[in-house]
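User: I would like to go through the labels attached to this model and ask, for each one, what justifies it.

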Amino acid sequence: MATFGIEEEFLLVDPATGIPVPRAAGLSRALESSPAIPPAAPVGQAEFLACQLETSTAICDTLDEAGASLLEARTAIAGAADEAGIGVVVSGAAPRIANSPAEISGTERYQSMGELTGAVAGEHYVNGTHIHVAVPDRDAGITALNKLRPWLATLAALGANSPFWRGRDSSFSSWRLIHYRRWSVQGCPPEFADAADYDRRLSRLIGSDAVLDAGHIGWAARLSERYPTVEVRVGDAQLEAADSVLLAALVRGLVLTEEAAPGIHPDPELLDAGLWQAARYGLGGRLMDVQGDPSAAADQVFALVEHIRPVLEDNGDADYVTAGVQRMLALGTGAVRQRAAYAAGGWDGLAALYGASLTSGA
């Protein structure tokens, strides 16, 4: 069994207008000084934009540990934000934004990244769920990355939770994934021969003027430069903690499963097309499967679960994943639930969904 961790990002907004507000630094300080927050898991760290907060679980062995850690952080954020008169959006993209460019956080690195990316950064009102799974070394990490590639679109379809942009329905299930296509290095990672090949190609990218550093590489999955982990970044910020834990269970299962598909090396353009399909349709359309053939996204979710079932059973995760997938297919992805809330209650209904989902059980 491999340890894992989950990072979640949230947008802070004016509760009356839904427009993002640059108050992350102040809310982060309030959370840091709260006696209710355990030091083991950072809660409410500043992110790229001054309106974003990021939280991280502690290093987890079990799904129950991860769910409890996420709920603890989410509850703390909800309480501090309510006390400060701030709304919290649990979506992969801001439903509403101001006409002026976003305010970048004050760190030197983020300021440099904002200067490099210009108007792209000025509209970077997007939040993700990042899953870290421990690997014994970098070569094992490369093996895991190569195994993950054919399934990234399936994970993206499950994690689609950003249908609204600039006050209207974008027609996409994950507008966040579409926005990320504008960054210099993004999408499905290439297939690597080994860690040396990864490091060589990463070094050449960093030597260009297209990225600042390894952390600026926007692949949907990559090796972490800070931890001995594989980092999967394909999912939007999730409505509920349980949605994030489900993604983590699937990612860990893929990392620990021996082979993605024996002898299969999907064409990179097909994998990239699959990510676009996932962004557009979520679980409601078709995706490129591991052999590059189109099939229903829901069928691919079942195929993914069956592919990793032996590992899920070994980890004790099979029942949780089976129930989570059934719930997701019955209720819909976060994007489906957001659209339903908006149809029933407009923007007030959407805000109510965010508030209720933020501290829903895991």
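The exchange below takes up strands, a helix, aromatic rings, cavities and pockets in turn.

User: What should I keep in mind about the numbering and the origin of the values?

Analyst: The model is predicted, so local features need pLDDT of at least 70 and side-chain atom pairs count only at pLDDT 80 or more, while totals for chains, interfaces and linings use all residues. Residues are numbered from 1 along each chain as its sequence is written, and side-chain values use heavy atoms, with hydrogens and water left out.

User: Why is strand E11 called largely enclosed?

Analyst: A residue is buried when its relative accessible area is under 20%, exposed when that area is over 50%, and partly exposed in between, with a 1.4 Å probe and protein chains only. In E11, residues 229-236, 8 of the 8 residues are buried, and the strand is therefore largely enclosed by the rest of the structure. The names themselves come from DSSP runs, where helices (H or I) have at least four residues and strands (E) at least two, numbered from the N terminus.

User: What makes E5 and E11 a pair of strands?

Analyst: Two strands pair if DSSP finds at least two bridges between them. Strand E5, residues 128-134, is joined to E11 by 6 bridges in the antiparallel sense, so the requirement of at least two bridges is met. One of the bridge partners in E11 is Val230, which is matched with Val133. Strand E10, residues 221-223, also runs antiparallel to E11, with 3 bridges; Arg222 stands opposite Glu231 there, and a hairpin of 5 residues joins E10 to E11.

User: How do you know that helix H9 has close to its expected span?

Analyst: The expected span is 1.5 Å times one less than the number of residues. Helix H9, residues 241-256, has 16 residues and reaches 23 Å from its first C-alpha to its last, close to the expected 22 Å. Because 15 of its 16 residues are buried, H9 is also largely enclosed by the rest of the structure.

User: Why is Thr143 called partly exposed?

Analyst: Thr143 has a relative accessible area of 43%, and so it is partly exposed. This residue lies in helix H5, residues 138-148, and its C-alpha is 8.5 Å from that of Val255, although the two are 112 residues apart in sequence.

User: What makes Phe164 and Tyr342 a tilted aromatic pair?

Analyst: Rings of Phe, Tyr and Trp (its six-membered ring) pair if their centres lie within 6.5 Å, with planes under 30 degrees apart counted as stacked, over 60 as edge-to-face and the rest as tilted. The whole structure has 12 aromatic pairs. For Phe164 and Tyr342 the centres are 5.3 Å apart and the planes make 55°, which gives a tilted pair. It links distant parts of the chain, with Phe164 in strand E6 and Tyr342 in helix H13, 178 residues apart. Phe164 is buried at a relative accessible area of 2%, whereas Tyr342 is partly exposed at 32%.

User: What makes a space a cavity, and which residues line the second largest cavity?

Analyst: On a 1 Å grid over the protein atoms alone, a cavity is a set of points where a 1.4 Å probe fits but cannot get out, whereas a pocket is an open set with protein on both sides within 12 Å along at least five of seven lines, and lining residues have an atom within 4 Å of a point. Grid points are joined across faces, edges and corners, and a volume is the space filled by probe spheres set on the points. The structure holds 3 cavities of 30 Å³ or more. The second largest has a volume of about 50 Å³, and its lining includes Thr129, Ile131, Val232, Leu247 and Val251. E11 supplies the largest share, 4 residues.

User: How many residues of each class line the largest pocket?

Analyst: Ala, Val, Leu, Ile, Met, Phe, Trp, Tyr, Cys and Pro count as nonpolar, Asp, Glu, Lys and Arg as charged, and the others, Gly among them, as polar. The largest pocket holds about 1,100 Å³ of space. Of its 43 lining residues, Glu7, Glu54, His132, Arg226 and Glu231 are the closest to its centre. By class the lining has 19 nonpolar, 14 polar and 10 charged residues, and strand E1 gives the largest share, 5 residues.
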